[in-house]
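Reader: I have a new chain in front of me. Can we walk through it with short questions?

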Amino acid sequence: AADGLGSIAIDTTQLNMSVTDPTAWATAMNNLGMVPVGLAGQQLVTDSICVPGFDPSLSMMTGITPINPMIPGMGLVPPPPPTDVPVVKEIIHCKSCTLFPPNPNLPPPSTRERPPGCKTVFVGGLPENATEEIIQEVFEQCGDITAIRKSKKNFCHIRFAEEFMVDKAIYLSGYRMRLGSSTDKKDSGRLHVDFAQARDDFYEWECKQRMLAREERHRRKMEEDRLRPPSPPAIMHYSEHEAALLAEKLKDDSKFSEAITVLLTWIERGEVNRRSANQFYSMVQSANSHVRRLMNEKAAHEQEMEQAKESFKNALTGILTQFEQIVAVFNASTRQKAWDHFSKAQRKNIDIWRKHSEELRNAHSEQLMGIRREEEMEMSDDDSGDNPSKKLRVEDSALAAQAYALKEENDSLRWQLDAYRNEVELLKQEKGQLFRTEESLTKDQQLQFLQQTMQGMQQQLLSIQEELNNKKSELEQAKEEQTHTQAMLKVLQEQLKSAKELAEINGHDESQANEINVLTVALVNQDREKNSEKRSPGLKSEKEALLIGIISTFLHVHPFGANIEYLWSYMQQLDSRISANEIEMLLMRLPRMFKQEFTGVGATLEKRWKFCAFEGIKTI
């Protein structure tokens with residue numbers, strides 16, 4: 001297959017079939033055993049995509065060899081079309097098979113996320129009779145193939161030499177592959193090409209990334225070395241010869257800085273000893289001789305600075321004089337004789353220029369006053385050590401200078417008075433507005449806080465009223481229950497008496513009396529359950545819960561029940577402080593767990609408590 005890449009023969013009859021022709025498209029799909037998706041007489045690809053006026057038989061008449069898109073060098077993937085025009089795929093003819101493009105109306109095939117450094121593709125949907133040579137013949141047009149791993153289940157993995165070749169192979173996804181001219185299902189299949197994740201590709205990609213990182217680090221290091229300041233020159237070791245040369249350098253003004261650095265390094269290294277002490281002393285003495293030279297240089301620079309200050313002061317005085325003259329011109333222009341002849345725009349410009357000039361003049365005058373104050377302070381420091389006559393002359397000149405300075409300061413203050421007045425008025429207005437806004441804000445905050453507190457108090461009052469109403473209703477219910485129980489007791493006592501009399505008169509046996517007692521006790525228990533459902537009391541402490549657990553276990557062991565004295569004697573062994581009345585009140589509070597029954601007649605009448613919690617659960 002590799003030898004015949006450049007000499008692939010193309011049948012002219014195959015080139016006469018146009019993709020835009022619906023009849024040709026339907027014939028191709030019928031040969032593959034598929035029903036065409038496009039409607040009869042409707043083009044599957046618009047004419048705007050195709051070359052306008054293209055005749056399929058032009059190649060036969062002109063003798064121009066048609067171009068196969070799979071020829072190496074031409075590129076399998078065509079140039080990227082515009083975004084608003086769909087890609088049109090054409091039929092690809094190979095030596096051993098034919099690739100039919102998918103229906104352009106169908107959505108493009110989906111692919112997984114591309115792994116980094118991907119050079120391997122997964123090819124699924126191969127025909128069952130497709131061999132490795134046929135696969136290589138089809139996909140080697142995309143680029144150099146390094147390996148093909150074919151499976152028995154109609155798929156394979158193809159590894160290319162470069163990453164861009166994978167994009168060309170993905171282009172073939174969706175094509176239907178037919179071997180020769182056979183219409184057998186084993187000789188056709190729809191290709192699905194997708195990115196594959198291979199360890200070799202990832203390893204090569206990681207090696208490439210490491211190489212790029214090494215190159216980046218090397219580039220940064222070279223850049224840092226280039227921008228790093230040069231290291232100081234190396235200092236020679238101490239010797240008598242070097243010391244003699246250094247002593248000569250210390251006497252030279254041009255080489256003094258370099259020589260003093262070497263001397264300092266030698267002293268810090270500890271080169272001074274008894275043998276070299278005299279030589280080092282002579283070098284230190286030479287360094288000290290440069291002190292007078294440095295002081296003379298400082299004095300010369302100070303004199304130059306004084307001259308520069310004096311020239312600057314004179315120039316500033318001249319500038320200030322010219323500013324005074326300009327301001328005088330503006331003030332003369334604002335007088336009524338000349339002011340009335342200017343237009344409104346001219347007056348506005350003159351007013352702006354006058355204010356700007358006054359500001360500049362005031363700034364220069366303040367700067368000049370600062371320079372003079374500094375000179376006066378320096379003169380007062382210098383005159384502290386002079387003779388009295390000189391002090392008097394200096395004081396007179398200082399008084400004159402102060403008088404002139406005060407005069408200029410008075411003028412500058414008078415000029416700035418109007419501006420300050422306007423600024424003060426503006427500040428007062430702004431402060432008044434701020435104070436008003438702050439006061440209103442504080443008042444609003446106070447009102448909001450008071451409203452919140454009132455709402456909280458109202459809510460607390462409502463909750464207290466609700467609790468009070470609940471307590472009242474509970475108290476009324478308790479009173480009603482008490483009166484009801486008393487009435488029920490009276491009725492039961494009367495029924496018991498009448499039942500006993502009837503039993504004595506009529507001679508009923510003991511079993512009938514027991515039935516009556518059971519019925520009465522059941523009525524009492526039902527009444528007690530109703531009252532408990534209304535009250536729904538809860539356990540008050542952990543001790544009560546513990547007592548209920550022990551009593552429940554005890555009564556569960558005694559299925560026929562136990563009287564209160566027997567139960568109290570058992571509980572007193574565990575807690576000697578408990579009383580029988582406390583146990584009985586606890587049992588009466590839980591009618592769904594414990595019920596009371598009467599057995600016997602007359603002197604043998606006995607009250608027994610039974611555990612009925614399991615029955616209560618069934619009835620809930």
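Author: Let us begin with one pair of strands. This is a predicted model. Strand S3 covers residues 120-124 and pairs with S8. The two run in the antiparallel sense, and the number of bridges between them is four.

Reader: Which residue in S8 is the bridge partner of glycine 124?

Author: Take one bridge of this strand pair. Glycine 124 has its bridge partner in S8. That partner is histidine 192.

Reader: In what order do the strands of the open sheet with S3 and S8 stand?

Author: The sheet is open and has four strands. Their pairing is antiparallel. The order is S4-S5-S3-S8.

Reader: Why is one side of S4 and of S8 left without a neighbour in the sheet?

Author: Strand S4 spans 145-150 and strand S8 spans 192-195. One side of each has no neighbour in the sheet because each has a single partner strand. Such strands stand at the edges.

Reader: By how many degrees are neighbouring strands of this sheet turned against each other on average?

Author: Direction is ignored for this value. The average turn between neighbouring strands is 20 degrees.

Reader: Which strands does helix H4 lie across?

Author: Helix H4 takes in residues 132-139. Its direction is at about 140 degrees to S4. The strands that H4 lies across are S3, S4, S5 (155-160) and S8.

Reader: Which salt bridge partner does glutamate 204 have?

Author: The whole structure holds 25 salt bridges. In the one with glutamate 204, the closest N and O atoms are 2.9 Å apart. Glutamate 204 lies in helix H6 (residues 199-227) and its partner in strand S5, so the pair ties together parts that are 45 residues apart in sequence. The partner is arginine 159.

Reader: Which strands stand at the edges of the open sheet with the order S1-S2-S6-S7?

Author: This open sheet has four strands with antiparallel pairing. Three bridges join S6 (residues 176-179) to S7, and arginine 176 has arginine 190 as its bridge partner in S7. Each edge strand has a single partner strand, so one side of it is left without a neighbour in the sheet. The edge strands are S1 (92-93) and S7 (188-190).

Reader: Is H14 roughly parallel or roughly perpendicular to H16?

Author: H14 (residues 542-557) and H16 (residues 580-589) pack with their axes 11 Å apart. The angle is about 85 degrees. That makes H14, relative to H16, roughly perpendicular.

Reader: How many residues of the contact of H14 with H16 are nonpolar?

Author: From H14, Leu547 and Lys543 are among the residues that meet H16. H16 brings residues including Leu586 and Arg589. Four residues of the contact are charged and no polar ones occur. The nonpolar count is six.

Reader: What is the mean pLDDT of the chain?

Author: pLDDT stays under 50 over residues 1-20. Over residues 31-78, pLDDT is also below 50. Where pLDDT is low, the predicted coordinates should not be read in detail. Still, 74% of the residues reach 70 or more, and the mean is 77.

Definitions and conventions:
Residues are numbered from 1 along each chain as its sequence is written. This is a predicted model: local features need pLDDT of at least 70, side-chain atom pairs count only at pLDDT 80 or more; totals for chains, interfaces and linings use all residues. Side-chain values use heavy atoms; hydrogens and water are left out. Two strands pair if DSSP finds at least two bridges between them. Axes are lines fitted to C-alpha atoms, for helices over the stretch in contact, and angles run from 0 to 180 degrees between N-to-C directions. Contact means heavy atoms within 4.5 Å. Angles under 35 degrees count as roughly parallel, over 145 as roughly antiparallel, 65 to 115 as roughly perpendicular and the rest as oblique. Ala, Val, Leu, Ile, Met, Phe, Trp, Tyr, Cys and Pro count as nonpolar, Asp, Glu, Lys and Arg as charged, and the others, Gly among them, as polar. pLDDT is the predictor's confidence in each residue, from 0 to 100. A salt bridge is a side-chain nitrogen of Lys or Arg within 4 Å of a carboxyl oxygen of Asp or Glu.
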